[in-house]
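Reader: I would like a close look at a single part of this model, beginning with one position and its surroundings along the chain, and then a careful account of the ring contacts elsewhere.

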Amino acid sequence: MDLVLDVADYYLLTPYVYPASWAEDGALRQVISLLVLTNLGAAVLYLGLGAISYFFIFDHDLKKHPHFLENQVQREIKYAMTSLPWISIPTVALFFAEVRGYSKLYDNVDDYRLGWAGIVISMIAFLFFTDMCIYWIHRFLHHKLIYKMFHKPHHVWKIASPFASHAFHPVDGFLQGLPYHIYPFLFPLHKVLYLALYVFVNIWTISIHDGDYRVPDTLTSVINGSAHHTDHHLFFDYNYGQYFTLWDRLGGSYRHPSALMGKGPLEQVRKLQAEGKLGGTRGKVNGLTKRGVTSKEE
């Protein structure tokens with residue numbers, strides 16, 4: 001994160017925002033700057049990437065599904081934009097530790113003894129490490145003693161839009177993001193690669209909520225895509241993984257996606273349309289009617 005902070009200091013914060021008496025390496029200034037940059041960056045990534053996915057990838061026929069709530073997209077955005085500032089507070093504490101040099105982030109490829117091989121290895125290691133951690137954190141958040149407090153708000157969106165991707169309770173959002181931030185404190189990671197992976201993580205998180213169920217046949221059993229994650233929202237205790245199906249298979253929670261067997265939400269919409277059952281009010285949560293579709297109740 002110090003790369004972003006350095007650029008912001010050079011082009012904006014030092015010449016136009018902070019008084020000359022506030023040194024760039026001052027702790028208070030760094031914390032304030034990180035708070036602003038983190039919130040701004042999160043909002044831009046979420047709203048920008050979410051809008052691209054919503055308008056160009058998301059199948060809007062899913063909005064006809066009985067589980068798609070009235071004004072759902074607006075509600076998802078409102079919930080996410082309310083939670084992100086709270087999530088940023090503990091996140092900035094970790095970014096601050098990075099900026100102060102407590103992580104294993106490095107600047108130049110040659111700074112790490114493995115060189116370019118280290119870039120490739122660390123990229124793969126990052127994906128597998130974070131996937132493993134998120135699987136167990138996600139599964140922990142489904143425990144009956146804490147589910148209603150922290151994770152249930154995200155499961156309100158049974159048929160998600162891309163904007164549901166960041167619509168978490170702040171505790172839920174921070175815990176599921178934590179593996180990304182602790183990785184560079186445990187393992188060497190190039191700073192530019194860290195930023196690239198941060199952007200990739202946001203793209204992926206949006207993609208598994210975008211309703212595009214296409215996965216190459218050879219990767220269906222390996223990659224945890226939107227079809228897999230849709231079944232997680234619908235059936236609750238399956239497909240906890242983030243990128244891969246590995247830990248779901250090891251943990252006994254893997255479910256082959258309904259959408260890939262011709263039994264997904266779009267097929268349900270088409271069936272209800274054919275039966276003339278989509279003319280009324282959409283189904284809603286919390287005990288109100290959900291016509292024509294069943295799912296496991298949390």
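Author: In this predicted model, Ala117 has a relative accessible area of 42%, which falls between the 20% below which a residue is buried and the 50% above which it is exposed, so Ala117 counts as partly exposed. Ala117 belongs to helix α4, which covers residues 115–141. Between Ala117 and Val156, which are 39 residues apart along the chain, the C-alpha atoms are separated by 43 Å.

Turning to the ring contacts, the structure contains 22 aromatic pairs. For Tyr54 and Phe55, the ring centres are 5.1 Å apart and the planes meet at 80 degrees, so this pair is classed as edge-to-face, given that an angle over 60 degrees is what that class requires. The two partners differ in their exposure, because Tyr54, at 8% relative accessibility, is buried, whereas Phe55, with a relative accessible area of 59%, is exposed. Both residues belong to one aromatic cluster, which is formed by Tyr46, Tyr54, Phe55, Phe58, Phe68 and Phe163.

Rings also meet charged side chains in this model, as two arginines show. The charged end of Arg249 sits over the ring of Tyr254, at 3.9 Å from the centre of that ring, and Arg255 lies over the face of Tyr238, where the distance to the ring centre is 5.5 Å.

How values were computed
Residues are numbered from 1 along each chain as its sequence is written. This is a predicted model: local features need pLDDT of at least 70, side-chain atom pairs count only at pLDDT 80 or more; totals for chains, interfaces and linings use all residues. Side-chain values use heavy atoms; hydrogens and water are left out. Rings of Phe, Tyr and Trp (its six-membered ring) pair if their centres lie within 6.5 Å; planes under 30 degrees apart count as stacked, over 60 as edge-to-face and the rest as tilted. Buried means under 20% relative accessible area, exposed over 50%, partly exposed in between (1.4 Å probe, protein chains only). A charge sits over a ring if NZ of Lys or CZ of Arg is within 6 Å of the ring centre and within 35 degrees of the ring normal. Helices (H or I, at least four residues) and strands (E, at least two) are DSSP runs, numbered from the N terminus.
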